[in-house]
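Me: Please take a close look at one part of this model, namely the links between side chains. I should like to know which are present, which are absent, and where the partners lie.

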Amino acid sequence: KQEVEKIRIKITSLGLTESRITSDETIQQLFVECRLNNFLAEETPLSLPKPTGGQRVHYNYSTVINVDKAHNRAEREYLRSILLKPDLPADSLKFTVVSDPPEDEQDLECEDIGFAYVSLKEIFQKQRDIIEQDID
């Protein structure tokens, strides 16, 4: 059996439950950023209209972190350290929902409006991927 030497991260869709965000008229377009320590900082290429009324917007975005020994030793060592150091603070993928200012108000800044975390240590220890699951 061939070893898989990559991690695939998919941002499929986004739904909102926070009433403060859903009722805020200044929040119109959203994108999602994914960050893993210093190795990965990716964001969905498009910002999409804020979902309303229990609906979801679909990004269908995917990225890969290669962790092969030959070309990505630093990434591989970092992942190894997650398993070996129980007190490592940055053992999670961090997803940030970001409000993108409207086209006619580009002088405004992007604003982080929500966060979600996925523990890589937990995935490694349980040896079970998180597939097609909502993350609060």
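Reply: A disulfide is counted here when a pair of cysteine sulfur atoms lies within 2.5 Å. In general terms, such a link is a covalent bond between the sulfur atoms of two cysteines. The model under discussion is predicted, and zero disulfides are found in it.

What keeps Cys34 from forming a disulfide? The closest cysteine sulfur to that of Cys34 belongs to Cys110 and is 17 Å away, which is too far for a bond. Seen from the other side, the closest cysteine sulfur to that of Cys110 is in Cys34, again at 17 Å, so a bond is ruled out by distance. The two cysteines can also be described by their exposure. Cys34 has a relative accessible area of 2% and is therefore buried, whereas Cys110 counts as partly exposed because its relative accessibility is 42%.

Before turning to the charged links, the framework in which they sit should be set out. The protein chain contains three helices and seven strands. Their order along the sequence is β-α-β-β-β-β-α-β-β-α. The C-alpha trace spans about 50 × 30 × 30 Å along its principal axes. Of the 136 residues in the protein chain, 34% are buried.

How many salt bridges does the structure hold? There are five, and three of them, including one at each of Glu5, Arg56 and Glu122, are described here.

One of the salt bridges joins the side chains of Glu5 and Arg76, with an N to O distance of 3.6 Å. Glu5 belongs to the segment before β1 (6–15) and Arg76 to helix α2 (residues 73–84), so this pair ties together parts that are 71 residues apart in sequence. Glu5 counts as partly exposed because its relative accessibility is 29%. Arg76, with a relative accessible area of 22%, is partly exposed.

Another salt bridge is formed by Arg56 and Asp134, whose closest N and O atoms are 3.1 Å apart. This pair likewise links distant parts of the chain: Arg56 is in strand β5 (residues 56–66), Asp134 is in the segment after α3 (120–126), and their positions lie 78 residues apart in the count. As for exposure, Arg56 is partly exposed at a relative accessible area of 38%, while Asp134 is exposed at 61%.

A further salt bridge, between the side chains of Glu122 and Lys126, has an N to O distance of 3.3 Å. Why are Glu122 and Lys126 separated by about one helical turn? They are four residues apart in helix α3, and this spacing means about one turn of the helix. Glu122 has a relative accessible area of 42% and is partly exposed; Lys126, at 47% relative accessibility, also counts as partly exposed.

The surroundings of this last pair deserve a few words. Gln125 is likewise found in helix α3, and its relative accessible area of 55% makes it exposed. In space, the C-alpha of Gln125 is 7.8 Å from that of Leu83, although these residues are 42 apart in sequence. Gln127 lies in the segment after α3 and counts as exposed at 73% relative accessibility. Most residues other than glycine have a negative phi. Gln127, however, has a positive phi, near 55 degrees.

Strand β5, which supplies Arg56 to its salt bridge, also contains Asn60. Here again phi is positive in a residue other than glycine: the value for Asn60 is near 45 degrees. Asn60 counts as exposed because its relative accessibility is 58%.

Finally, some charged side chains should be considered apart from the salt bridges. Which residues gather in a patch of negative charge on the surface? They are Glu103, Asp104, Glu105 and Asp107. A residue enters such a patch when its relative accessible area is over 30% and it has no salt bridge, so the acidic residues of this patch stand outside the pairs described above. Glu103 is located in the loop between β6 (92–100) and β7 (111–119), and its relative accessibility of 73% is the reason it counts as exposed.

How values were computed: Residues are numbered from 1 along each chain as its sequence is written. This is a predicted model: local features need pLDDT of at least 70, side-chain atom pairs count only at pLDDT 80 or more; totals for chains, interfaces and linings use all residues. Side-chain values use heavy atoms; hydrogens and water are left out. Patches are made of residues with over 30% relative accessible area and no salt bridge: like charges are joined within 9 Å, nonpolar side chains (Val, Leu, Ile, Met, Phe, Trp, Tyr) within 5 Å. Accessible areas come from the Shrake-Rupley method with a 1.4 Å probe; for residues, only the protein chains shown count as cover. A salt bridge is a side-chain nitrogen of Lys or Arg within 4 Å of a carboxyl oxygen of Asp or Glu. Lys and Arg count as positive and Asp and Glu as negative; His and the chain ends are not counted. The place of a charge is taken as NZ of Lys, CZ of Arg, CG of Asp or CD of Glu. Helices (H or I, at least four residues) and strands (E, at least two) are DSSP runs, numbered from the N terminus. Buried means under 20% relative accessible area, exposed over 50%, partly exposed in between (1.4 Å probe, protein chains only).
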